[in-house]
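Please open the structure in a viewer and keep the sequence alongside it. The tour below proceeds by selections, each followed by a short account of what is found there.

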Amino acid sequence: MATFTNLIVKPPQNLYSTTKLTSFSSHYNPKLQSFFPKKTKTLIPQLFITCSTGGAAVSTGSTSGGTAKKVKDEDKVLHIHTAVEFETALREAKQKLVVVEFAASHSKQSSKMYPFMVNLSKTCNDVVFLLVMGDESDEMRELCVTEKIDKVPHFSFYKNMEKIHEEEGIGPDMLMGDVLYYGDNHSGVVQLHNREDVEKLIADHKADKKLLVLDVGLKHCGPCVKVYPTVLKLSKQMDTVVFARMNGDENESCMQFLKDMDVVEVPTFLFIRDGEICGRYVGSGRGELIGEILRYQGVRVTY
């Protein structure tokens with residue numbers, strides 16, 4: 001388990017069933033209404049020493065301006081050749097998620113991951129995908145130094161020109177989970193950003209008496225990322241259930257909400273009906289989560 005403080009400083013590199021938050025005190029009340037009274041330089045290893053055009057992707061040549069070109073016409077991945085192109089791509093993306101693969105031409109793992117990123121770029125229309133070949137030029141080596149990249153493939157995630165997450169040594173499933181978790185803005189899962197959002201959501205669904213499943217997590221939580229694709233699928237399949245999520249470390253209001261809810265491990269799923277918490281599930285097990293949702297829907301589940 002990782003402590004909450006460590007999560008803010010360094011994202012966990014492996015997946016557990018939950019992530020423990022050791023700093024929260026216990027004062028849980030099952031009635032929801034009671035909760036609403038408020039450059040140090042990093043040295044780049046030898047893999048970036050030689051320049052080469054082969055490997056993970058084929059370059060289309062550098063541009064004279066600040067706009068990157070696509071690696072191939074049929075995909076949406078932009079191949080970055082200069083620091084200006086990199087900064088321009090981040091700026092023009094605005095609030096969209098930007099996924100950057102830092103690769104090297106003779107890295108076999110980079111070559112394996114790149115085609116999968118191309119496929120993601122074709123299906124995730126609200127996400128911008130960039131490719132940076134660290135051994136392409138001196139300028140790209142320097143960009144890797146600036147971004148503190150010392151192993152490839154390395155994936156960095158940005159929003160509003162700010163790095164919000166990074167991973168290295170991951171496979172396709174983890175990359176897809178990260179993209180869904182950090183880039184999901186238009187799914188059936190309601191995104192909550194403060195206590196007022198929670199209050200409004202509860203008020204909106206008091207009349208229809210639907211079960212509200214609130215997914216509470218943290219930005220840099222491996223188990224939260226792992227289970228989120230399941231939450232997305234369930235939100236599309238269960239018409240009688242309302243799914244929502246909140247990242248506790250997004251702001252002070254969200255953090256206070258986690259404390260008030262006595263959330264000590266994430267992900268925690270709160271089951272709410274008629275303004276009252278009727279149960280909770282702590283963990284990232286797909287089967288267990290589905291079973292708990294069905295149970296609070298009145299379906300008898302036998303384990």
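How many residues lie between strand 12 and strand 13 in the hairpin that they form? The model to be examined is a predicted one. Select strand 12 (residues 268–273) and strand 13 (residues 276–282) together. The hairpin has two residues between these strands, and Asp274, in the turn, has a positive phi of about 55°. The two strands pair in the antiparallel sense over six bridges. To see one pairing, select Phe271, whose bridge partner in strand 13 is Gly279.

**The sheet around the hairpin**

Next, extend the selection to the open sheet of five strands, with the order 8-10-9-12-13 and mixed pairing. Strand 8 (190–191) and strand 13 stand at its edges; each has a single partner strand, so one side of each is left without a neighbour in the sheet. Strands of a sheet pair through backbone hydrogen bonds, in either a parallel or an antiparallel sense. Strand 9 and strand 12 pair in the antiparallel sense over five bridges. Within this pairing, Val216 has Thr268 as its bridge partner in strand 12.

**Asp215**

Now select Asp215, which is placed in strand 9 (residues 211–217). Is Asp215 buried or exposed? Asp215 counts as buried because its relative accessibility is 4%, where the cut-off for buried is under 20%. Leaving aside residues up to four places away in sequence, Asp215 touches Tyr228, Val231, Ala244, Arg245, Met246, Pro267, Thr268 and Phe269. For Ala244, the separation between its C-alpha atom and that of Asp215 is 6.0 Å, although their positions lie 29 residues apart along the chain when counted as a sequence distance.

**The largest cavity**

Return to the turn of the hairpin and select Asp274 with Gly275, two of the residues that line the largest cavity. Also in the lining are Ile202, His205, Lys206, Lys210, Leu212, Ile272 and Arg273. The lining residues comprise three nonpolar, two polar and four charged. The space in this cavity is about 50 Å³.

**His154**

Move next to His154, in strand 6 (residues 154–159). With a relative accessible area of 5%, His154 is buried. Its side chain is joined to that of Glu168 by a polar contact of 3.3 Å. Not counting residues up to four places away in sequence, the residues that His154 touches are Val100, Glu101, Phe102, Ile149, Glu166, Glu167 and Glu168.

**Backbone details**

Most residues other than glycine have a negative phi, and most peptide bonds are trans. Which kind of peptide bond runs from Val152 to Pro153? The bond is cis, with omega near -5°; Pro153 is in the loop between helix 4 (138–146) and strand 6. A cis peptide bond also joins Val266 and Pro267, with omega about 0°. Pro267 belongs to the loop between strand 11 (265–266) and strand 12.

Finally, select Asn160, in the loop between strand 6 and strand 7 (162–168). Phi of Asn160 is positive, near 55°. Lys209, in the loop between helix 6 (195–204) and strand 9, likewise has a positive phi near 55°.

Notes. Residues numbered from 1 in each chain as written. Predicted model: local features only at pLDDT ≥ 70, side-chain atom pairs only at ≥ 80, totals over all residues. Heavy atoms only, no water. 1 Å grid on protein atoms, 1.4 Å probe; cavity = no way out; pocket = protein on both sides within 12 Å on 5 of 7 lines; lining within 4 Å. Points joined across faces, edges and corners; volume = space filled by probe spheres on them. Nonpolar A, V, L, I, M, F, W, Y, C, P; charged D, E, K, R; others polar. Helix = DSSP H or I, 4+ residues; strand = E, 2+ residues; numbered from the N terminus. Buried < 20%, exposed > 50% of the residue type's maximum accessible area, 1.4 Å probe, protein only. Contact = heavy atoms within 4.5 Å. Pairing = 2+ DSSP bridges. Polar contact = N/O pair within 3.5 Å; in protein donor to acceptor, adjacent residues only side chain to side chain.
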